[in-house]
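Me: I have just opened this entry and would like a short tour of it. Could you take my questions one at a time?
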Amino acid sequence: MLNQYAGVLILILLAVGTTVGMVVAASILGPKIKFPDKMEPFECGKSPLVSPRQRFSVKFYLTAVLFILFDIEAVFLYPWAAIFKQLGWFGLAEMLLFIAVLGIGLLYVWKKGALNWE
Amino acid sequence: MGIGKSLGMEKGLGENVILTKLNDIVNWGRKYSFFLYPFITACCGMEFMSVAGPRYDMDRFGAALPRFSPRQADLMMVVGTISHKQAPILVKVYNQMAEPKWVMAYGVCTVSGGFYDNYATVQGIDTIIPVDIYVPGCPPRPEMVLDGLIKLQNKVQSEKFSDFPKGPSPVSKPKM
């Protein structure tokens, strides 16, 4: 009766033997070396631990504010362009006025030197 | 430490037939079971997809499986331009790879900087990590990559236990 299961037993032994054999062979034959850079957690090549209080130039502030300003302009332009035909000449005049105001602002910051990084 | 170093086998036995045969068998296993780490940064990546795909089929050479953790990879394929901004990342990934490890410089940008002869580009990744095989071309044809892979396999077959571990990249700070 139990003889029927001898094949299963052999299969289990072979499977365990192969697995253990591979792990043991790898641990004996495989070259190993440990150093701090290698033992760090893998973070796609970046350092996994950095200070959250990193400093960056205050010039980014002005750039960011100006970017948001002209980004909003683009945000307004898209829906305006989508219903341009319904709005007709009135819509065109309104938008040109809006862009003109922003254009004056752009000239102002340009003249003030806000677009120069240095 | 490999068996050769840890047991002092090569020192004691020299080119003994047992050790060299074991070496041959291990190298035979290694050369047909590359696990890739695809460090792909630029346009050569398209060609890498082609060579990894079914038409050119790197699987035939045992180098099929891309691993996205360097812990599981042993062949780093540096595919595409490496800028100086990217260089520390490349070095770190190389350092974090499991031993034994090999590096293939894929495409002329990794080999020598290519036509990016400028301040932003690393002029050949062999200036920062050891490279085992160079496959130039812009981009290299898949046949060239396969040829390079076969040459790398031949190189692996001729390696000794004492060639490993390779350890950290020479440019990384020694904090041993």
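Me: What share of the residues of chain B count as buried?
Reply: This is a predicted model. In chain B, 37% of the 176 residues count as buried.

Me: And how many helices and strands does chain B have?
Reply: Chain B contains seven helices and four strands.

Me: Which pattern do they follow along the sequence?
Reply: Chain B reads α-α-α-β-α-β-α-β-α-β-α along its sequence.

Me: What part of the contacts in chain B comes from residues 24 or more positions apart?
Reply: Taking the contacts with a separation of 6 or more, 80% join residues that are 24 or more positions apart in chain B.

Me: Let us move to chain A. How far does helix α3 reach from its first C-alpha to its last?
Reply: Helix α3 of chain A, residues 59-82, spans 36 Å between those two atoms. For its 24 residues, that is close to the 34 Å expected at 1.5 Å a residue.

Me: Is α3(A) covered or hardly covered?
Reply: α3(A) is hardly covered, as the count of buried residues among its 24 residues is zero.

Me: Now the contact: how many residues does each chain give?
Reply: Chain A contributes 13 residues to the contact and chain B contributes 22 residues.

Me: Which elements of chain A give two or more residues to that side?
Reply: They are α1 (6-29) and α2 (36-39) of chain A. α2(A) gives the most, with three residues.

Me: How do the residues on that side of chain A divide into nonpolar, polar and charged?
Reply: On the side of chain A that touches chain B, seven residues are nonpolar, two are polar and four are charged.

Definitions and conventions
Residues numbered from 1 in each chain as written. Chains lettered and ligands numbered in written order. Predicted model: local features only at pLDDT ≥ 70, side-chain atom pairs only at ≥ 80, totals over all residues. Buried ≥ 20, exposed ≤ 12 C-beta atoms within 10 Å, placed from the backbone. Contact = placed C-beta atoms within 7 Å. Expected span 1.5 Å × (residues − 1). Nonpolar A, V, L, I, M, F, W, Y, C, P; charged D, E, K, R; others polar.
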